[in-house]
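Hi,

Here is the structure I promised to pass along. Have a look at it first, and my notes on what turned up follow underneath.

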Amino acid sequence: MTHGPEEVPCLLMRGGTSKGAYFRAADLPAEPALRDALLLRVMGSPDPRQIDGLGGAHPLTSKVAVISPSADPCADVDYLFLQVAVDRPEVSDRQNCGNILAGVGPFAVERGLVAPGRQETAVRIRMVNSGDYATATFPTPGGRVDYTGGAEISGVPGSAAPVVIEFPPGAGPLLPTGHVRDEIDGVAVTCVDNGMPTVLIAAASLEVTGYELPRDLEEDVALADRLRKIRLAAGRLMGLGDVSETTVPKLTLLAAPRDGGAVTTRTFIPVRCHPSIGVLGAASVAAGLRIEGSVGAELAELSADSDRIRIEHPSGFLDIESSLGATPDGLPSARRTAVVRTARKIFDGVVFPRSAETAPLSPSPLSPLSPLSPRSSGGQR
């Protein structure tokens, strides 16, 4: 099927606890500036409601996956994640997204980029943003993706087919600063990167419990100022440079578990509190908890008989299979990380982006009824 210049083939999918527009790279402009301008129009940004596009007025529903065949012998497809800001004309490629990752394998089969197996299919994925790899395995009975099943994940109603995602050890160090603990602005932190640069902070050290509702934490102006200072300093310590205009590193507040898990979390992206937790962020938290002497290790309740760590978050929990090894110089390193996610195909067709001539360069005024205020929009994995 051929499409006019105003029509872009698109598959809208829920991946994990996020939702995004999935595209073949061949269907988008090759020039990044032109591609990003098109995606802003597709998603309806900048506008706090994204009323004129596919976006859902929240960072977790304003995401894009760009997928192409991979020239890497270790991968079947390349996956570029793009976070489309809600309230400003910005598209960022400076992080991965492990939730949207859950839909990449099914998309690759849907678009004929990978041949399906007769019962299940394993798709090897190179995450272009970081150069890391993942393998997603999901059911394809009769050579077709089956989205139905009994797997349930917190933050998503109902059940769906499981997508098992396994991550090999990352190329970079698990402890980017070289220390199990650092001190920033008088607060002890552990900076860890097991797929997502993450800063672990004991909630009590910031004079909160870690059990608050996300909206209550977002409204705490003093907390927001402390977190901003910590994030900027942590970015430099972790070798990320000036992170004032990026969404990484993530900040995760930790408290003792309340519902049978290993630890309770509240994660910021970067100023909004995540209603759950991102996949790769949870992978970094899980690895960090296993490091002796880390922030949070004394709060966590870990099983000595299982690699599974249940991360509690505001809307439930996320289970991570996590085990550590050691580098030749004795520093901790990730050995195995795996997670079960689900995905669902919502629609498959073409999207009609508004013309460049009518696209706004600044956010439209907020409706008095809008639940969002114009603030930074970050992604979460």
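Let me start in the strands: Thr137 stands opposite Val164 in S8. Keep in mind that this is a predicted model. Thr137 belongs to S7, and that strand pairs with S8 (residues 162-167) in the antiparallel sense, over three bridges.

S7 has another partner, S6 (residues 120-127), again antiparallel, this time over eight bridges. Here Thr121 stands opposite Phe138 of S7. S6 and S7 make a hairpin with four residues between them, and Gly131 in the turn has a positive phi of about 85°.

Now for the side chains of S7. In a regular strand they alternate between the two faces of the sheet. S7 does show alternation: Asp132, Ala134, Ala136 and Phe138 point to one face and are buried, whereas Tyr133, Thr135, Thr137 and Pro139 point to the other and are not.

Tyr133 is the residue I spent some time on. It sits in S7, which covers residues 132-139. Is Tyr133 buried or exposed? Neither, quite: its relative accessibility is 27%, so it counts as partly exposed, the class between the 20% and 50% cut-offs. The side chain of Tyr133 makes a polar contact with the side chain of Asp72, at 2.3 Å. Beyond its neighbours within four places in sequence, Tyr133 is in contact with Asp72, Cys74, Ala75, Ile125, Arg126, Met127, Phe167 and Pro168. Asp78 is 55 residues away from Tyr133 in sequence, yet the two C-alpha atoms are 9.4 Å apart in space.

You may be wondering about the cysteines. How many disulfides does a search of the whole structure find? Zero. A disulfide is a covalent bond between the sulfur atoms of two cysteines. For Cys10, the closest cysteine sulfur is in Cys97, 16 Å away, so that pair is too far apart for a bond. Cys273 also has Cys97 as the owner of its closest cysteine sulfur, and at 17 Å that is too far for a bond as well. Cys10 counts as buried because its relative accessibility is 0%, and Cys273 counts as buried at 3%.

One last item is helix H5, residues 279-289. This helix is mostly covered, with eleven of its eleven residues buried. Among them are Val279, Leu280, Ser284, Val285 and Leu289, along with the glycines Gly281 and Gly288.

Cheers

Methods: Residues numbered from 1 in each chain as written. Predicted model: local features only at pLDDT ≥ 70, side-chain atom pairs only at ≥ 80, totals over all residues. Heavy atoms only, no water. Helix = DSSP H or I, 4+ residues; strand = E, 2+ residues; numbered from the N terminus. Buried < 20%, exposed > 50% of the residue type's maximum accessible area, 1.4 Å probe, protein only. Contact = heavy atoms within 4.5 Å. Polar contact = N/O pair within 3.5 Å; in protein donor to acceptor, adjacent residues only side chain to side chain. Disulfide = S-S within 2.5 Å. Pairing = 2+ DSSP bridges.
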